[in-house]
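Reader: I am a first-year student, and I would like a close look at the inside of this chain. Please start with one residue and work outward.

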Amino acid sequence: MPQEVSVSYQAIKSKVYRLVDSLVVGEKSEVEVQESIRRWWELIHPADRPIALKYLLLVLERSCLAMDAIEEGLQEATDHQAPRPSETIRAMKMVERVVKHSSKQPLLSNTV
């Protein structure tokens, strides 16, 4: 019997934050986090995937904004302008990830 997975905003935020924490403290590698999110996605009922994807992207976007705010705040506090990747480089990395992901697994095709 398949495990039922909650697709509430709070449940998805908790999942993302646990994965981030496991990567930060070194319990998991990037590859292990990617595999974990793939397994989690497979547990979500296909009918629930559109809302799960919506919430997941919202959490990821807000998390990125928080990381940027932390980085900028630290730079201001330390009067140190650490080199940051340009927005173009960051955008290219994101595009590469999306292309790589979409070519490996039909994650988004199940959401239509």
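Author: V5 touches W40, L43 and I44, leaving aside residues up to four places away in sequence. Touching, or contact, means heavy atoms within 4.5 Å. This is a predicted model, in which local features need pLDDT of at least 70 and side-chain atom pairs count only at pLDDT 80 or more, while totals for chains, interfaces and linings use all residues. Residues are numbered from 1 along each chain as its sequence is written, and side-chain values use heavy atoms, with hydrogens and water left out.

V5 belongs to the largest nonpolar core, whose eleven residues are V5, V7, I12, V16, W40, W41, I44, A52, L53, L56 and V59. A nonpolar core is a set of buried Ala, Val, Leu, Ile, Met, Phe, Trp, Tyr and Cys residues joined through side-chain atoms within 4.5 Å. Buried means under 20% relative accessible area, exposed means over 50%, and partly exposed lies in between, using a 1.4 Å probe and protein chains only. Helix 1, helix 2 (30-43) and helix 3 (49-78) are the elements that give two or more residues to this core. Helix 3 provides the largest share, four residues. Helices are DSSP runs of H or I with at least four residues, strands are runs of E with at least two, and both are numbered from the N terminus. The chain has four helices and zero strands.

W40 also leads to K15, a residue of helix 1 (residues 9-24). K15 touches S36 and W40, again not counting residues up to four places away in sequence. K15 is buried yet has no salt bridge, and the nearest side chain of opposite charge, that of E35, is 11 Å away. For charge, Lys and Arg count as positive and Asp and Glu as negative, while His and the chain ends are not counted. A salt bridge needs a side-chain nitrogen of Lys or Arg within 4 Å of a carboxyl oxygen of Asp or Glu.

S36 is touched by another residue of helix 1, L19. With the same limit on sequence distance, the contacts of L19 are K28, V33, S36 and I37. L19 counts as buried because its relative accessible area is 8%. Helix 1 also holds V24, which counts as exposed because its relative accessible area is 65%.

Over the whole chain of 112 residues, 20% count as buried. Of the contacts with a separation of 6 or more, 57% join residues 24 or more positions apart.
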